[in-house]
Structure formats: C-alpha cells, structure tokens
Amino acid sequence: MKAAAETLVLFGATGDLAQRMLLPSLCALDADGLLHEQLRIVCTARSEMDDAAFRNLAREAIGKFLPEPRRGDVEAFLGRLTYQALDATTPEGYHALADKVRQDGNGDVAIFLSTAPSLFEATIKGLADCGLNGNGARIGLEKPLGHDLASSRDINDAVAAAFPEERVFRIDHYLGKETVQNLIALRFGNIMFEPLWNAQHIEHVQITVGETVGLESRAEFYDQTGALRDMVQNHMLQLLALVAMELPVTFDAGAVRDEKVKVLRALRPVAAGESVTGQYRGGASSGKIVPGYDEELGKDSDTETFVAIKAHVDNWRWKGVPFYLRTGKRMPERVTEIVIQFRPVPHSIFAGAKLKANRLVIGIQPEEDVTLTLMAKVPGLGQGMALREIPLDISMPDALSGLERRMAYERLLLDLIHGDQTLFVRRDEVEAQWAWIDRIRSRWHEEGLTPKTYSAGNWGPSAAIALAERDGVSWHE
C-alpha cells in the first residue's frame, strides 16, 4: 500500500482535538509542501454547516493554535477543505459522505476517526455499507481503544470486519514525537550505546510522565478511566517497549512492531507491593491554589490520579533490571522523560573520589533534549585527581538548528496519508498491553488497594518514594 491517499476524511472535525492539533498540523504540512497538490480533505461532524462556515472555524483554529511563521498560505490550505454533516449513528448519512468523497476521483482514501470510541463500531459499519472501506482505504483510530482486554477485542473485531490489519492505523501520539523516534536512532545508530544496553551495564530504568493539570474538561471520562488506563496502558508501555526491544532486522513497520510486542509479552505480572496508587488533594500547583480531585469531581471517588509501578521484562537482555514507571496529575512540573541509570565502575582507582554512575536522561516534553552525565577531573592544581559529575547536554532544536519543531500529529497524519504503519500500534501490541494492565487492576481489587492521598504540587504519595528507595533508587527530579 504505497500510493498516497487522494482524499483524507476527518471524522470529529469540529472537536477539540481537530481544532488544537489536526487542522493546524495539516496546515503546517501544507505550508511545507508535504501534502501533494491533489489531496482533498473532507471533514465531517454532527454540526450542520456549509463549507464556508467550516473553513471559518478552521481558520480560527489555525490562528489560535499554529504559530504564524508555520502557517504559509492559509487560504490555499482552506481551499482543500470541504464539509459534510453526518450523525455517525445514522446509516443514511454515509452515502452522502461517500458521494462527496468520490465526486473528484476514485483514488485511495485515508480516514481518521477523532470521535468517542463508543461511535467506532457504528462508524465503521457505516463506512463499509457505503463502500468507503474499499481497496486502498485505510483507517486511523484515536485512543482509547477499549477500557480492558475484552472491550479492546470487541473494537478490534469490529474494525477487522471492514479493514484488514495492514490498513488499520492505531494512534498513540507519543510515537509521533521527535525525541521518541530519536530513541530508536540513539540506540541503534550509535555503536557506543547498543553494546551497553543490557542488564550487565544498566542498573535500572525510570519512565516518568508528570502532568500539572487536574481534570479540566475530562471529569466524567477520567473518573471512569484513571491514571493506569489513561497513561500507563498506552504511552508509557510504548516508551518501555522502545527502550527494551531488540534490534529490528530492518526499520519497517513489521520488524519494529514484532520486537515491541515481544517486550510487552515478556512483562512479568506485577507482584504485591510493586505498585502504588494515589489521588491528589488540594494544594499549590503552578503557583496557584487548586482544589483536590474529589472537590473538582464533586463527589467521593476511588479513581487513581497517580500510579507508580516496578516492572520487569523477563528476558535475557533485561534479567534483574527493574523498570520504574511513574505518572500522575497535579505534579510539580509537566515532564515526560526516560532515565537510563548505568551501573557504577567495578573498581575505582581514584583514592578518596566519590564516583557516580553514568546516567542518560532522554527528555520528551516539554523540552526535547538528551543529557549524559559523566565523571571528569576538577580543573586546578594541588587537588590531585578530584572528580565531579558533569552533564553533556544536547538540546534537539539547537542541535538540529534550522528545522522546525513539529507537532506529533504532523508525522502521524503524513504517515497515514502515505500508508506507513511504522509509528502506529498493531493489534497484538494493544492486546498485550491490556492483558498486563488487566492483571494489575485485578490484583488491586483482590488486595482492596485504594489510592493514598497526596497534595497537589507533589510527586505523589510517600509510598511511591519508598517503592524505589527500598531498592536503593531515588526518582530523578
């Protein structure tokens, strides 16, 4: 499936994700000449409006969410857009949508579902009934794909009834981030790292995803989901898989995803005492006094807003190496990072010098950077060989000056249009992730585990610190 799609169909085109990310990303791609001239973008949602009204909505979204230097000729981009109102639950509307898609040609179609997962099955059936799932048609699905393994399989079965796996693009937007892709380049494009990337040389790995925000507009969804399913099941397990996977035979979709799913299937079930959950209470966050989760929600709840897990990958490469995962809301800072903690040198020849083990920190957001800490001699005379820790910092925008910093959805939308599945998640990956998560939730239920409280603006409950410190490990902050 090498041909670029001639038409992109965007479901949920008036929604928040479309306005903040999708329409600005497409406009930026157009400004850079990365969308071929024939590509048309057919947008659909429930709201009744004509092409002109939708273009005005898109113009406002681009003005608000895309920096001016990246916009290019906005009016030319808007000329690609047409709009067709559609109630996804009503079968009759799909034929009008199909007519609009086909009016200027019969080339390949790429479809992006930015809708509630509850609408997936009805939407896919409607697409199949009107023939928009034909040869060359591909479909992109925004998360969440279910709330457990059983519901995920139901969604995947519904998709598979209309689209074969090679034409299904399951989206995890973290995989579109430049630094996440650079993790693959760092590991497999540099001889200095890959020989050391194993249990013999690495002591532990930390993955942290911290958010400063609370519920915002997601109260009902989040209370039914929680941090484990909202963050760990998808983003964090994908990052873990990229850190831990073996060298793919080639850099293509099949080979990369084969290696990731091996890691996910090798995850050991989390044992008693290897996970901590928390829920924030009122406190200070980002310089403001903020309410607690229960106050924001307006009721008592046992949904976790924080989770820390000690995970293990049971294979030869990672035997005995713990992976510490931590994510939460109302953290002190917004950060996503991966920390590779190397083992100390086996013997120091520097009398009196306190050596610290090397550490590699890969920053994903808000800044994309890589820091490697090394031991070096303190300059000067009369001190002997006094050593201290120094950082080697690489800021990705600075290192690659002249290149624009892109939104993750730019890469993912472009790959969907061109049919490249490398940065998308395969069905067996999703289901392996859910199988591991379901076992954790089952253990929490069996143990009667309820979230411990923590004040907003802190790194979770004290039990999360103890989870790492009993192994002699401190969280990187």
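**Exercise 1.** In which strand is the place of F323, and is this residue buried or exposed?

*Solution.* Begin with the secondary structure of this predicted model, in which F323 has its place in strand β12. Next, turn to accessibility: the relative accessible area of F323 is 0%, and since buried means under 20%, F323 counts as buried. Then look at the surroundings, leaving aside residues up to four places away in sequence, and F323 is found to touch V205, L240, V243, A244, I309, K310, A311, V313 and W318. Finally, consider F306, which is 17 residues away from F323 along the chain, with 17 Å between the two C-alpha atoms.

**Exercise 2.** Determine where M192 is found, and decide whether M192 is buried or exposed.

*Solution.* The first step is to place the residue, and M192 is found in the loop that runs between α7 (178-188) and β7 (202-210). The second step is to read its relative accessibility, which is 52%; because exposed means over 50%, M192 counts as exposed. As a last step, compare positions in sequence and in space: M192 and T371 are 179 residues apart along the chain, and their C-alpha atoms are separated by 15 Å.

**Exercise 3.** Work out how the axes of helix α1 and helix α2 cross, and which residues of the two helices meet.

*Solution.* Take the axes of α1 (residues 16-31) and α2 (residues 51-65), which come within 9 Å and cross at roughly 90 degrees. Angles of 65 to 115 degrees count as roughly perpendicular, so α1 is roughly perpendicular to α2. Now list the contact: from α1 come Q19, R20, L23, P24 and C27, and they meet F54, L57, A58, A61, I62 and F65 of α2. Sorted by character, the residues of this contact comprise nine nonpolar, one polar and one charged.

**Exercise 4.** Identify the buried residues of helix α14, and state what the strands that help to cover them are.

*Solution.* Within α14 (residues 462-469), the buried residues are A464, L467 and A468. When the helix is viewed down its axis, these buried residues fall within an arc of 85 degrees, so they line one face of α14. The cover over the buried residues of α14 includes β8 (275-281), β11 (306-312) and β12 (322-328), and β12 is also the strand that holds F323.

**Exercise 5.** State which domains the protein chain is assigned, and how many Å apart their C-alpha centres lie.

*Solution.* The domain assignment gives domain 1 (7-142) and domain 2 (175-401 + 426-470). Between the C-alpha centres of domain 1 and domain 2 there are 35 Å.

Conventions
Residues numbered from 1 in each chain as written. Predicted model: local features only at pLDDT ≥ 70, side-chain atom pairs only at ≥ 80, totals over all residues. Heavy atoms only, no water. Buried < 20%, exposed > 50% of the residue type's maximum accessible area, 1.4 Å probe, protein only. Helix = DSSP H or I, 4+ residues; strand = E, 2+ residues; numbered from the N terminus. Arc of directions from axis to C-beta. Contact = heavy atoms within 4.5 Å. Domains from an automatic or database assignment. Axes fitted to C-alpha atoms, helices over the stretch in contact; angles between N-to-C directions. Parallel < 35°, antiparallel > 145°, perpendicular 65-115°, else oblique. Nonpolar A, V, L, I, M, F, W, Y, C, P; charged D, E, K, R; others polar.
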